[in-house]
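Let's take a walk through a protein fold together. Have the picture ready and turn it as you read.

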Amino acid sequence: MGADSAAPSIRATVVQASTIFYDTPATLDKAERLLAEAAAYGSQLVVFPEAFVGGYPRGSNFGVSIGNRTAKGKEEFRKYHAAAIDVPGPEVDRLATMAGKYKVFLVMGVIERDGYTLYCTVLFFDSQGHYLGKHRKLMPTALERVIWGFGDGSTIPVFETPLGKIGAAICWENRMPLLRTAMYAKGIEIYCAPTADSRDIWQASMTHIALEGGCFVLSANQFCRRKDYPPPPDYVFMGNEEDLPPESVVCAGGSVIISPSGVVLAGPNYEGEALISADLDLGEIARAKFDFDVVGHYSRPEVLSLIVRDHPARPVTFTSAQEKGESPQK
């Protein structure tokens, strides 16, 4: 942002909608329809929910118990793996094309496939149709750890864009104070929080982060009914399938946009699929930081400090590639 006395304002949208489970091409078609609608409304930044492409496997346990994995659960993982996307890959190219076509900055939750390990990932695209990079979820929650790998410090980006400095944390990793601090230290101004948590208490976390970081918080969640997932026996919500008729709400959304002063600008919405939009006065960031700058005038580095190991953590390194100056990454 420049030094002009009149701070700019941008229009942002969080998408509250369901994946078309096990059908990634159809999900991408749906994403484009929603993106076109948001762009027609004048949105410059559009944020999609956690795992929108690839799906959030709510209610599934993938046949896992201590000491045992069932054949049915392994087949469920095979199908889930098939619905995930490679990064880079053709689906990433299509998302980049969408962002360029509709001239929006796009933040998209996906399930990333890296060989046979899956990651819950957020992808970033600029309004010119360029893929900027990704964030892999550092800490999957509970049974998510059975199906998703762990991100490392090399994918905690904050991108400087004409709209402001944009980054993301996914679902419950937003409750990790040290991760938030690392993002604050990178100067995040528009904090995206794709999630799968539709509980009322989630709003308290989002408000706290907006106040703590002096940043806008954009939280996008899916709104899903039982019918948005495959029917049984292909897909079973463990423990309560018999109580879930097709119209039952299994994720109620709660997507929200909050200002750096903690004011709710749009949402939370618990009614259905929706585009939740607000105009962000970027001058609010400086006004909030005047009160509290967590890594600036309100820090005490001689007492409390943080070290972030932001290099890629690889299980195998080939010395011959290093000697030739080649990247060890695929």
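Which glycine follows α5, and is its phi positive or negative? It's glycine 187, and its phi is positive, near 85 degrees. Keep in mind that what you're looking at is a predicted model.

Now back up a little, into helix α5 itself, which covers residues 177-185. Its buried residues are Leu179, Arg180, Ala182, Met183 and Tyr184. Buried here means under 20% relative accessible area. So what sits over them? The cover includes the strands β8, β9 and β10, along with helix α6.

Those three strands lead us to a sheet. It's an open one, built from six strands in the order β8-β9-β10-β11-β14-β15, with mixed pairing. At the edges you'll find β8 (158-161) and β15 (264-269), and each of these pairs on one side only. From one strand to the next, the twist averages 15 degrees.

Zoom in on one pair of neighbours. Strand β9 (residues 164-168) and strand β10 (residues 190-192) run parallel, and three bridges join them. If you'd like a spot to click on, try isoleucine 166: its bridge partner in β10 is isoleucine 190. As a general point, strands of a sheet pair through backbone hydrogen bonds, either parallel or antiparallel.

Helix α6, residues 202-213, lies across β10, β11 (216-219), β14 (255-258) and β15. Compare its direction with that of β14 and you get an angle of about 25 degrees.

There's another sheet to visit. Six strands make up this open sheet too, in the order β7-β6-β5-β2-β1-β16, and the pairing is mixed. β7 (131-136) and β16 (274-281) are at the edges with a single partner strand each, so one side of each has no neighbour in the sheet. Ignoring direction, neighbouring strands here are turned by 30 degrees against each other on average.

How do β1 and β16 run, parallel or antiparallel? They run antiparallel, with eight bridges joining β1 (residues 9-16) to β16. One of the pairs to look for is serine 9 with its bridge partner in β16, aspartate 281.

Helices pack here as well. Helix α1 (residues 24-40) packs on the sheet and touches β1, β2 (45-47), β5 (105-114) and β16, making about 40 degrees with the direction of β16. Helix α3 (residues 90-102) lies across β5, β6 (117-125) and β7, and runs at about 20 degrees to β6.

Technical notes. Residues are numbered from 1 along each chain as its sequence is written. This is a predicted model: local features need pLDDT of at least 70, side-chain atom pairs count only at pLDDT 80 or more; totals for chains, interfaces and linings use all residues. Side-chain values use heavy atoms; hydrogens and water are left out. Two strands pair if DSSP finds at least two bridges between them. Helices (H or I, at least four residues) and strands (E, at least two) are DSSP runs, numbered from the N terminus. Axes are lines fitted to C-alpha atoms, for helices over the stretch in contact, and angles run from 0 to 180 degrees between N-to-C directions. Contact means heavy atoms within 4.5 Å. Buried means under 20% relative accessible area, exposed over 50%, partly exposed in between (1.4 Å probe, protein chains only).
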